[in-house]
Amino acid sequence: MARVKGAMMTRKRRNKTLKLAKGYWGSKSKHFKMAKQAVMKSGNYAYIGRKQKKREFRQLWIARISAAAKANGMNYSTLMNGLKKAGVGLNRKMLSEIAINDPAGFAAIVEKARAALN
């Protein structure tokens, strides 16, 4: 049986990595060894960034809800407790959207939470 050499697959693998490193500064986009390191590092940053994105959006929604709740004479934690007791199943994303786009609707939600606490 004939011997199979690995040149083609090696070249393919290297070109794939260099394609991922396209646009990187200096030799990180030209030399395979440096490109491989840069691509691995950027993959780690991307992985971490996907987790941070979720955290940051939740933080933003909570800040918006808190500000709108304070405008209606209630703090965030009391509002969330009241909503839970009232059985309102709105998530923080939707609550923040309502707080921005429909202040009257948000005021009604706050009143519902206040009624559930009393």
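Glutamate 111 and arginine 114 join their side chains in a salt bridge, with N and O 2.7 Å apart. That pair is the whole tally, since the structure holds 1 salt bridge. Keep in mind that this is a predicted model. Beyond the bridge, there's a patch of positive charge on the surface, plus a few side-chain-to-backbone contacts and some long C-alpha distances to look at.

**The salt bridge in α5**

- Helix α5 covers residues 103-117, and glutamate 111 and arginine 114 sit 3 residues apart in that helix, so about one helical turn separates them.
- Glutamate 111 is partly exposed, because its relative accessibility of 44% falls between the 20% and 50% cut-offs.
- Arginine 114 also lands in the partly exposed class, with a relative accessible area of 24%.
- Alanine 107 is another residue of helix α5, and its relative accessible area of 23% makes it partly exposed.

**The positive patch**

- Five names to highlight in your viewer are Arg13, Arg14, Lys16, Lys33 and Lys36, which gather on the surface as a patch of positive charge.
- Two helices, α1 (7-20) and α2 (32-71), each put at least two residues into the positive patch.
- Helix α1 provides the largest share of the patch, at 3 residues.
- Lysine 16 has its place in helix α1, and it's exposed because its relative accessible area of 57% is over the 50% cut-off.
- Arginine 13 is in helix α1 too, but at 49% relative accessibility it counts as partly exposed, because exposed means over 50%.

**Side chains reaching backbone oxygens**

- Serine 29 belongs to the loop between α1 and α2.
- With a relative accessible area of 15%, serine 29 is buried, because that value is under the 20% cut-off.
- What does the side chain of serine 29 reach? Its partner is the backbone oxygen of tyrosine 24, at 3.2 Å.
- Over in helix α2 you'll find lysine 54, which counts as exposed at 56% relative accessibility.
- A polar atom of the lysine 54 side chain lies 3.1 Å from the backbone oxygen of arginine 50.

**Distances across the model**

- Going from arginine 13 to phenylalanine 32 takes you 19 residues along the chain, and their C-alpha atoms are separated by 10.0 Å.
- Alanine 107 and lysine 30 are 77 residues apart along the chain, with 58 Å between their C-alpha atoms.
- Leucine 83 and glycine 23 have C-alpha atoms 49 Å apart in space, at a sequence separation of 60 residues.
- Leucine 83 itself is part of helix α3, which takes in residues 76-86.
- Is leucine 83 buried or exposed? At 4% relative accessibility leucine 83 counts as buried, because the cut-off for that class is under 20%.

Terms used
Residues are numbered from 1 along each chain as its sequence is written. This is a predicted model: local features need pLDDT of at least 70, side-chain atom pairs count only at pLDDT 80 or more; totals for chains, interfaces and linings use all residues. Side-chain values use heavy atoms; hydrogens and water are left out. Patches are made of residues with over 30% relative accessible area and no salt bridge: like charges are joined within 9 Å, nonpolar side chains (Val, Leu, Ile, Met, Phe, Trp, Tyr) within 5 Å. Accessible areas come from the Shrake-Rupley method with a 1.4 Å probe; for residues, only the protein chains shown count as cover. A salt bridge is a side-chain nitrogen of Lys or Arg within 4 Å of a carboxyl oxygen of Asp or Glu. Lys and Arg count as positive and Asp and Glu as negative; His and the chain ends are not counted. The place of a charge is taken as NZ of Lys, CZ of Arg, CG of Asp or CD of Glu. Helices (H or I, at least four residues) and strands (E, at least two) are DSSP runs, numbered from the N terminus. Buried means under 20% relative accessible area, exposed over 50%, partly exposed in between (1.4 Å probe, protein chains only). A polar contact is a pair of N or O atoms within 3.5 Å; within protein, one must be able to donate a hydrogen and the other to accept it, and residues adjacent in sequence count only if both atoms are side-chain atoms.
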